[in-house]
Amino acid sequence: EKLQTQLNGLLQQINPHFLFNSLNALSALINENPKDAQKYLSDLSKVYRYLLRTNENELTTLANELNFMDSYFHLLQTRFGKGVTLVKNIQPEDNNLLLPPLTLQLLVENAVKHNTVGKNKPLLIEIISSGDHLAVKNNLQRKSIKVESSKVGLSNIAEKYRLINKSAIEIKEDNNSFTVKVPLIKAGID
């Protein structure tokens with residue numbers, strides 16, 4: 001089961017759609033704004049470096065995930081401009097708590113994938129910590145066209161928590177928002 005979860009995680013990491021979209025955005029930037037293209041390329045390399053290293057450890061600190069999220073979100077903002085906003089409300093004492101690597105990336109990617117993103121209808125994504133859990137919440141504005149989905153993202157996160165014997169993730173949806181809560185783990189606690 002652990003190997004299958006790792007394989008599913010690896011397949012998510014090398015998602016060809018993400019790479020294709022990233023390279024298209026970079027191509028457009030090279031002509032429009034070479035300085036921004038350099039920053040984008042730097043963030044893209046940080047993202048892929050992190051993606052390739054994540055299977056080395058079962059858990060990572062929230063601080064590491066948030067640093068990675070800065071680079072990943074810059075890629076999204078380059079693609080969507082003011083159509084997407086990320087707000088982080090993290091309690092400083094929660095930075096050393098642990099979670100499976102790529103949890104934030106999968107949850108943010110899920111929000112972008114399933115919702116309309118645009119300047120006239122911006123997507124707001126919030127990351128909120130509160131000691132024993134982390135919530136990723138977005139305003140709900142489902143795409144009118146059915147999005148092709150492998151349905152691996154949320155189930156992969158749930159499976160990672162199950163394999164490390166932690167409580168289940170919680171998914172809550174109402175008319176206005178979609179929220180996923182995941183446990184944060186104290187270091188040294190099995």
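Me: Among contacts in the chain between residues at least 6 apart in sequence, what percentage join residues at least 24 apart?

Reply: Good place to start, and keep in mind that this is a predicted model. The share is 74% for contacts joining residues at least 24 apart, taken among those between residues at least 6 apart in sequence.

Me: Which elements make up the chain, and in what order do they run?

Reply: There are six helices and seven strands. Starting at the N terminus, the order is α-α-α-β-α-β-β-α-β-β-α-β-β.

Me: How much of the chain is buried, and how much surface does the chain expose?

Reply: The chain has 190 residues, and 43% of them count as buried. The exposed surface comes to about 10,800 Å², with carbon and sulfur atoms supplying 52% of it.

Me: Let's go inside. How many residues does the largest nonpolar core have, and which have the most contacts inside it?

Reply: That core has 47 residues. Leu62, Leu104, Ile125, Ile127, Leu134, Tyr161 and Val182 are the ones with the most contacts inside it. Helix α4, residues 62–80, gives the core its largest share, eight residues.

Me: What does Leu62 touch, beyond residues up to four places away in sequence?

Reply: Try selecting Leu62 and looking around it. Its partners are Ile90, Asp94, Asn95, Leu97, Leu99, Leu104, Ser129, Leu134 and Leu184.

Me: And where is Met69, buried or exposed?

Reply: Met69 sits in helix α4. Its relative accessible area is 0%, so Met69 is buried. Setting aside residues up to four places away in sequence, Met69 touches Leu86, Leu104, Gln105, Val108 and Ile127. Take Val108 from that list: Met69 and Val108 are 39 residues apart in sequence, while their C-alpha atoms are 8.9 Å apart in space.

Me: Val108 brings me to helix α5. How many residues does α5 have, and how far does the helix reach?

Reply: Helix α5 covers residues 103–114, which is 12 residues. From first C-alpha to last, α5 reaches 17 Å, close to the 16 Å expected at 1.5 Å a residue.

Me: Why is α5 described as largely enclosed by the rest of the structure?

Reply: Because 11 of its 12 residues are buried. The buried residues of α5 include polar names as well as Leu and Val, among them Gln105, Glu109, Asn110 and His114. Thr103 is another residue of this helix, and at 1% relative accessibility Thr103 counts as buried. Leaving out neighbours within four places in sequence, Thr103 is in contact with Glu65, Ile157 and Val182.

Me: Now aromatic rings. What describes a pair of them?

Reply: Two things: the distance of the centres and the angle of the planes. In this structure, a search of the whole model finds one aromatic pair. Phe68 and Tyr72 form that pair, and it is stacked, with 6.1 Å from centre to centre and 25 degrees between the planes.

Me: Why are Phe68 and Tyr72 separated by about one helical turn?

Reply: The general idea is that an α-helix has 3.6 residues a turn, so residues three or four places apart point the same way. Phe68 and Tyr72 are four residues apart in helix α4, so about one helical turn separates them. Both Phe68 and Tyr72 are buried.

Me: Finally, salt bridges. When can charged side chains pair, and how many salt bridges does the structure hold?

Reply: Side chains of opposite charge can pair when their charged atoms come close. The structure holds four salt bridges. One of them joins Asp43 and Lys39, whose closest N and O atoms are 2.9 Å apart. Asp43 and Lys39 lie four residues apart in helix α3, residues 34–53, so about one helical turn separates them. Asp43 is buried at 1% relative accessibility, whereas Lys39 is partly exposed at 41%.

Me: Which parts does the bridge between Asp70 and Lys88 tie together?

Reply: Here the closest N and O atoms are 2.4 Å apart. Asp70 lies in helix α4 and Lys88 in strand β2, residues 84–89, so the pair ties together parts that are 18 residues apart in sequence. Asp70 is partly exposed at 40% relative accessibility, and Lys88 is partly exposed at 38%.

Me: And where do Glu173 and Arg142 lie?

Reply: Glu173 is in strand β6, residues 170–173, and Arg142 is in the loop between β5 and α6, so to speak a link between distant parts of the chain, 31 residues apart. The closest N and O atoms of this salt bridge are 3.0 Å apart. Glu173 is partly exposed, with a relative accessible area of 44%, and Arg142 is partly exposed at 43%.

Terms used:
Residues are numbered from 1 along each chain as its sequence is written. This is a predicted model: local features need pLDDT of at least 70, side-chain atom pairs count only at pLDDT 80 or more; totals for chains, interfaces and linings use all residues. Side-chain values use heavy atoms; hydrogens and water are left out. A nonpolar core is a set of buried Ala, Val, Leu, Ile, Met, Phe, Trp, Tyr and Cys residues joined through side-chain atoms within 4.5 Å. Buried means under 20% relative accessible area, exposed over 50%, partly exposed in between (1.4 Å probe, protein chains only). Helices (H or I, at least four residues) and strands (E, at least two) are DSSP runs, numbered from the N terminus. Contact means heavy atoms within 4.5 Å. Rings of Phe, Tyr and Trp (its six-membered ring) pair if their centres lie within 6.5 Å; planes under 30 degrees apart count as stacked, over 60 as edge-to-face and the rest as tilted. Accessible areas come from the Shrake-Rupley method with a 1.4 Å probe; for residues, only the protein chains shown count as cover. The expected span of a helix is 1.5 Å times one less than its number of residues.
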